[in-house]
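Visitor: I have a structure to read and little practice. Can you take me through some features?

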Amino acid sequence: MLINFEGIDGCGKSTQIHLLKQYLEEHGRQVQVYREPGGTSIAEKIRSILLDSKNNMSVVSELLLFSAARAQLVQEKIIPALNNGVTVILDRFYDSTTAYQGYGRSVLPINEICVLNKMASYGLVPEITFYLRISQKLASERRLKHAQDRIEMAGNEFYSRVLDGYEKIIKEHSRFIVLDGAQPIESIAKEIRTHL
Ligand code: ADP
Ligand code: TYD
């Protein structure tokens, strides 16, 4: 089973993924968690290029690097894990590319990004996608605790396009389960468990 978590930076994905992994393992499931971009040696190297705030990167390079990191992770880790009956939880998947590089950067056609997303994920489609909906204000308050990476430096207008983009993506796919990310950690975790 393939599950991904989506939402803007600071919405609480990592927190919920950690709790869900614990819960599923307590119920006898084998679970692997990967963050995107990352999860393999090549993908972690690509991650450091993508997030380095010193890099001035073209939108097309950014799109292709996120996709390259994904292709590596899917082929090297996700497909073998799924073939072995492991539940794979992803901290972001191609919905992030559609939301950030597509709607956020708003220079490339969304349909072309979707074609690339399909290629980079070898046609895999998650069974469930949890979207943690949260306001930009609350997310940025939560993010204050750590240094900004290159994507986070893009600013408020970028984030508001990403948020609007996610709302459009959600409407198009029935695999999305929308959660109120402003709720306490435990209530969100409880709701997530009802879907598994
Ligand atoms: P993400 O992985 O989406 O960037 P994190 O899970 O790392 O988000 O959470 C960002 C920060 O917000 C962390 O300090 C975390 O402890 C805190 N946090 C996460 N979920 C909640 C919540 N529901 N209520 C309050 N704080 C939260
Ligand atoms: P990370 O710290 O892993 O995310 P988060 O802050 O959500 O915990 O940083 C990943 C950054 O990369 C985040 O700002 C979202 C962005 N991103 C894209 O722009 N496109 C993508 O396809 C992916 C997977 C991530």
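Guide: We will go through one residue, its surroundings and a pair of helices. Keep in mind that this is a predicted model.

Visitor: Is Thr98 buried or exposed?

Guide: Buried means under 20% relative accessible area. Thr98 has 7%, so Thr98 is buried. Thr98 lies in helix α4.

Visitor: Which residues does Thr98 touch, leaving out those up to four places away in sequence?

Guide: Look for heavy atoms within 4.5 Å. Thr98 touches Tyr103, Ile110, Ile113, Asn117 and Ile169. With Asn117 there is also a polar contact, side chain to side chain, at 2.9 Å.

Visitor: What about Glu112? Where is its place?

Guide: Glu112 sits in helix α5, residues 110-120. Exposed means over 50%. Glu112 has 52% relative accessibility, so Glu112 counts as exposed. Its C-alpha atom is 9.8 Å from that of Thr98, and the two residues are 14 apart along the chain.

Visitor: At what angle do α4 and α7 pack?

Guide: The angle is about 130°, and the axes are 8 Å apart. Angles over 145 degrees count as roughly antiparallel, and 65 to 115 as roughly perpendicular. The angle here fits neither range, so α4 and α7 are oblique to each other. Their crossing is right-handed.

Visitor: Which residues meet there?

Guide: From α4, they include Asp95, Thr98 and Tyr103. From α7, they include Phe158, Arg161 and Ile169. By class, the contact of α4 with α7 has eight nonpolar, four polar and three charged residues.

Key:
Residues are numbered from 1 along each chain as its sequence is written. Chains are lettered from A and ligands numbered from 1 in the order in which they are written. This is a predicted model: local features need pLDDT of at least 70, side-chain atom pairs count only at pLDDT 80 or more; totals for chains, interfaces and linings use all residues. Side-chain values use heavy atoms; hydrogens and water are left out. Helices (H or I, at least four residues) and strands (E, at least two) are DSSP runs, numbered from the N terminus. Buried means under 20% relative accessible area, exposed over 50%, partly exposed in between (1.4 Å probe, protein chains only). Axes are lines fitted to C-alpha atoms, for helices over the stretch in contact, and angles run from 0 to 180 degrees between N-to-C directions. Angles under 35 degrees count as roughly parallel, over 145 as roughly antiparallel, 65 to 115 as roughly perpendicular and the rest as oblique. A crossing is left-handed if the near helix is turned anticlockwise from the far one by less than a right angle, and right-handed if clockwise. Ala, Val, Leu, Ile, Met, Phe, Trp, Tyr, Cys and Pro count as nonpolar, Asp, Glu, Lys and Arg as charged, and the others, Gly among them, as polar. A polar contact is a pair of N or O atoms within 3.5 Å; within protein, one must be able to donate a hydrogen and the other to accept it, and residues adjacent in sequence count only if both atoms are side-chain atoms.
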